[in-house]
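Trainee: I am new to this structure and would like a close look at a single part of it. Could you take me slowly through the sheet and whatever is packed and bonded around it?

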Amino acid sequence: MTGERRKEEERHVTTTSVINIATVLLVTFILLVPASNALGNDKDEKEKTKLVVVTNNHTNYLSIRCFSFDEDFNVVHLKPWAQFKFKVHIRKIYPSATMFNCSTNMGTFVAFKYNYHCSQDLYDSCDWRFDEENVYRWNPKLKTWISYYYDPNYESLNRGGVIKGYFAN
């Protein structure tokens, strides 16, 4: 009787193992098929990018550094009305996770987010102006500049913040 019990337990363990392996393979297949389609196997497919233009809206020099979780740029010192331009590469998988921050001596702001009006294909760029008080984003739908307060520099300080930046009076 103990021999039959042991064979039954071995069959149960084997069946459970086969079911677990089949489940893992099925889940892997379900996850990889959409991911491979999202990555785009066509070499001619153009990578989706968006131009971000940041303008010094002040009468003096101001410094800025922009970064995301994937890329970062050096500090740029802008003369009055000078512009800093960069391209954001929009992620193919989870494009909503695409975000770019810019850090100034006064604080930070989110220069690109998936749900900004300017991120739509209709518009060529996301335009920003910044000075020592506020930051302003052009809303192409409303055709007006929208004012934002700076966020504190917590995250940008961890990533280097604006270093060697200056404000000339």
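**The open sheet and its surroundings**

Mentor: In this predicted model, five strands form an open sheet, and reading across it gives the order β4-β1-β7-β8-β9, with pairing that is mixed. The two edge positions are taken by β4 and by β9, which covers residues 144–148, and each of these has a single partner strand, so one side of each is left without a neighbour in the sheet. From one strand to the next, the twist averages 25°.

Within this sheet, β1 and β7 deserve a careful look, since they run parallel and are joined by six bridges. To find a place where the two strands face each other, take V53, which stands opposite D127 in β7.

It helps to set the sheet within the whole chain, whose secondary structure comes to two helices and nine strands. Followed along the sequence, the elements appear in the pattern α-β-β-β-β-β-β-β-β-β-α. Of the contacts in the chain with a separation of 6 or more, 58% are between residues 24 or more positions apart.

Next comes the packing. The largest nonpolar core has 23 residues, and the members that touch the most others are V52, V54, F86 and F109. At least two residues of this core come from each of β1 (49–56), β2 (62–67), β4 (83–89), β5 (99–104), β6 (108–113) and β7 (125–130). The strand that gives the most is β6, with four residues. As a general point, nonpolar side chains in soluble globular proteins tend to be buried together.

V54 can serve as a guide to these surroundings. If its neighbours within four places in sequence are left aside, V54 is in contact with I64, L78, A82, Q83, F84, F86, C102, F109, W128 and F130. Two of the residues in that list, F86 and F109, also stand with V54 among the core members that touch the most others.

One of the contacts of V54, C102, leads on to the disulfides, of which a search of the whole structure finds two. C102 is joined to C66 by a disulfide with an S to S distance of 2.0 Å. Because C66 lies in strand β2 and C102 in strand β5, the pair ties together parts that are 36 residues apart in sequence. The torsion about the S-S bond of C66 and C102 is about 100°, so this disulfide is right-handed. As for the surroundings of the two cysteines, C66 has 0% relative accessibility and therefore counts as buried, and C102, also at 0% relative accessibility, counts as buried too.

The other disulfide is formed by C118 and C126, with their sulfur atoms 2.1 Å apart. Here the torsion about the S-S bond is about 100°, so the disulfide of C118 and C126 is right-handed. Both C118 and C126 are buried. When the bonded cysteines are counted along the chain, the disulfides follow the pattern 1-2, 3-4.

Finally, these buried positions can be placed against the chain as a whole, which has 169 residues, with buried residues making up 30% of them. The accessible surface of the chain comes to about 11600 Å², and carbon and sulfur atoms account for 56% of that surface.

Methods
Residues numbered from 1 in each chain as written. Predicted model: local features only at pLDDT ≥ 70, side-chain atom pairs only at ≥ 80, totals over all residues. Heavy atoms only, no water. Core = buried A, V, L, I, M, F, W, Y, C linked by side-chain atoms within 4.5 Å. Buried < 20%, exposed > 50% of the residue type's maximum accessible area, 1.4 Å probe, protein only. Contact = heavy atoms within 4.5 Å. Disulfide = S-S within 2.5 Å. Pairing = 2+ DSSP bridges. Axes fitted to C-alpha atoms, helices over the stretch in contact; angles between N-to-C directions. Areas by Shrake-Rupley, 256 points an atom, 1.4 Å probe, with all protein chains shown as cover.
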